[in-house]
Each structure stands twice: as structure tokens, then as C-alpha cells.
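The following exercises are to be worked with the sequence and the three-dimensional model at hand. Each task is followed by a solution in steps.

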Amino acid sequence: MTMRPAASILLSFASIICFWGGSFAEDPETSTVCSSDFGGDDRESCKIENSNEQCGLYLAESTIPGAGAGIYAGKHIAEEETIDSGDLVILFEDERSHNVIQVLDHYVWAPEAMGNYIGIEGGSESSGFSPGLGSAVNCWSGWINAETGTVDYDSAGVDRSNNPGAGAFSSYHNRSTEALDDIEPGSEIFVSYGDTWFLKRTKTFGKLPFSHHFKKANKIIKRYWTLLNKLEMNETELSEHIKEELWLLAANLPFDSRTMNALPKTIDKLNVASKLGSAKVNGPPITKRSVEWLK
């Protein structure tokens, strides 16, 4: 649902370099961080004893067409399990007046998404840049399987109004992401950007449906089946072709609305949506890749 620029690879590289499939791995016996890509005197002595160690997250081409990179689970992630080690968050104040928004508009999070602490130093006009998972993970409403948390605040006792060194570090840290459901290996991880993010980008993405639009679509689907049942109870005979045409006519009316865009446009998708919900047929062609492909 989102097509963030390819710059997400660069922005998130420092925080998630280990997701590249083995660039770094921690030896479970010695807790030594070993690198397979960089040289040094200790390169030969630093070896990974467990060759079957599986990378937890991968950064690879998203399942969303044109969206650039996405984040994938390299192994099973249990519901409510923390996915990452937590992002450092950089506070931006008055970014519009400093033209920062032109560069990082797609990657900054509103204060309410960062928790109550974000306003301590910046106020309501501030935003937070989350350069790890927060800049790389994509969003597709209806397929949200993870949730980004709020930040921790620690100024280390430095008074930002009196100490010149206060600007050398960020007081905001540990913004972690948690699984909302069990996530299978190879599944792309999606979080919610919030409706406002897409409302501001309607010209770019069109009128994409939000969660409440999918709920409305589910009610329309239910009413459709209820109508058919009533007609049959009244001994009104309808062929399968007429039933299908009735739905296709209703679902493909020339109205550009978010609810209309949430309706399944084919009979096959209608049948799936009747069981699983409209959101499950209104997503990328695939949402999962093989771990071997990711490697």
C-alpha cells in the first residue's frame, strides 16, 4: 500500500545490517560477533560454530509492487514477541522551516505515534525519525501483523537548556516492534502508518481503503448473501450467472470511494472474502517468500 523510496535501504542499513542474511552472526557459545564480510587479524579465529544459525529478519524486495525494500521474518515470530532490538529515535523540530520534510517526509512519525515523551523537548510540531525498522517496514491495511511501540526517554541527567553537549545524542530510544499475530518464516512484516499518512498522499496512491472501509465492505458482502437467501426463500430462481452478474455490477460501479475500492472485484475473490474478510483479498499478489529466496 505504500511505495516508499528506495532510500529506505540506505536509511535502515546501519541498524539492520545483520538482516542481510549472515553478514553478522553471534556465536551462541562464545557470544563473539563474527563478520563474514570484513577482514582483520582475527578473521580466521572468529568462526560461527552453528552453521545452521538462522537470520531473524531480512531486508529484500517488498511483495508490494513498486514499494522498494521490505522486511521479512527469517524464522517464526510468536504473537506478542518483540521483533527487533529497538530503534534509536531522532527528534525533529520545525522540520518544515528547515526543509527537512522534503527529504524525510516518508520516514518521520508523528508525536502521538512515538508516545508521551516525544513532546518533552519538541512539542506538538515535532516528529521522530526512526532510522531502523521504523524506516524500512511497509504498510498494507488489512495485512497488519506487527505494531511499533512508543519510545523510552532518558536524558542522562543532561539539561538541554544549559549543557552544550546535550545536542550530541538523542534522549529517545528503544522504539521496538511487536508481532500482533504469529508470523511465519518468509512473511513480510507490515505495520500501520495511520490513516493520516495515506490521506495526505491521496494524489499519489489514490483512495486506498482503511480498516473501517474493509469492515463496511464486509457488511455489504453479508447483505448480498442475505438478499440472495431471501430471494430463494421466496422461490425466486436465480441462475449462478445472474447471481455473479448481480455482484459484479454492484462491486464495479464507477464510484471512486475507499469503500468501493475495498470490495472484491471478481467472483473468486468474493468467495474468499466471504470467509476471510475483504481485506484478505485486497492485498499484494503475495505476502510471503521462501527463506531460500531471501537468502
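**Exercise 1.** Identify the residues that Ile189 contacts, leaving aside its neighbours within four places in sequence, and place Ile189 in its core.

*Solution.* The model is a predicted one.
Step 1. With neighbours within four places in sequence set aside, Ile189 touches Leu57, Ile71, Tyr72, Ala73, Ile77, Ile83, Val137, Asn138, Asn145, Ala146 and Ile183.
Step 2. Ile189 belongs to the largest nonpolar core, which has 23 residues. Ile77, Ile83, Ile189 and Phe198 are those with the most contacts inside this core.
Step 3. At least two residues of the core come from each of β3 (57-61), β4 (69-73), α4 (133-136) and α5 (195-199). The greatest contribution is that of β4, with three residues.
Step 4. Another core, of 15 residues, lies apart from this one; among its members are Trp247, Leu270, Ala279 and Val281.
Step 5. As a general remark, nonpolar side chains in soluble globular proteins tend to be buried together.

**Exercise 2.** Classify the aromatic pair of Tyr193 and Phe198 as well as that of Phe198 and Phe210.

*Solution.*
Step 1. Nine aromatic pairs are present in the structure. For Tyr193 and Phe198, the centres are 6.0 Å apart and the planes form an angle of 15°. Planes under 30 degrees apart count as stacked, and this pair is accordingly stacked.
Step 2. Tyr193 and Phe198 are both buried.
Step 3. Between Phe198 and Phe210 the centre distance is 6.4 Å and the plane angle 45°, so this pair is tilted.
Step 4. Phe198 is part of helix α5, whereas Phe210 is in the loop between α6 (202-205) and α7; the pair therefore ties together parts that are 12 residues apart in sequence.
Step 5. The cut-off for a buried residue is under 20% relative accessible area. Phe198 has a relative accessibility of 2% and so counts as buried; Phe210, at 3%, likewise counts as buried.
Step 6. Phe198 and Phe210 join Tyr193, Trp197 and Phe205 in one aromatic cluster. Over the face of Trp197, a member of this cluster, lies Arg201, at 3.9 Å from the ring centre.

**Exercise 3.** Does the distance between the end C-alpha atoms of helix α7 agree or disagree with the span expected from its number of residues? State also what covers the buried residues of α7.

*Solution.*
Step 1. Helix α7 comprises the 23 residues 211-233. The expected span is 1.5 Å times one less than the number of residues, which gives 33 Å.
Step 2. The end C-alpha atoms of α7 are 33 Å apart, so the two values agree.
Step 3. His213, Phe214, Ala217, Ile221, Tyr224 and Leu228 are the buried residues of α7. Their cover includes α8 (240-251), α9 (258-262) and α10 (267-276).
Step 4. Glu235, just after α7, adopts a positive phi of about 60°.

**Exercise 4.** Determine whether Ser155 counts as buried or exposed, and state where Ser155 is found.

*Solution.*
Step 1. Ser155 is located in the loop between β9 (152-153) and β10 (172-175).
Step 2. The relative accessibility of Ser155 is 17%; because a buried residue is one under 20%, Ser155 counts as buried.
Step 3. Beyond its neighbours within four places in sequence, Ser155 is in contact with Phe169 and Ser171.
Step 4. For the protein as a whole, 39% of the 295 residues count as buried.

How values were computed: Residues are numbered from 1 along each chain as its sequence is written. This is a predicted model: local features need pLDDT of at least 70, side-chain atom pairs count only at pLDDT 80 or more; totals for chains, interfaces and linings use all residues. Side-chain values use heavy atoms; hydrogens and water are left out. A nonpolar core is a set of buried Ala, Val, Leu, Ile, Met, Phe, Trp, Tyr and Cys residues joined through side-chain atoms within 4.5 Å. Buried means under 20% relative accessible area, exposed over 50%, partly exposed in between (1.4 Å probe, protein chains only). Helices (H or I, at least four residues) and strands (E, at least two) are DSSP runs, numbered from the N terminus. Contact means heavy atoms within 4.5 Å. Rings of Phe, Tyr and Trp (its six-membered ring) pair if their centres lie within 6.5 Å; planes under 30 degrees apart count as stacked, over 60 as edge-to-face and the rest as tilted. A charge sits over a ring if NZ of Lys or CZ of Arg is within 6 Å of the ring centre and within 35 degrees of the ring normal.
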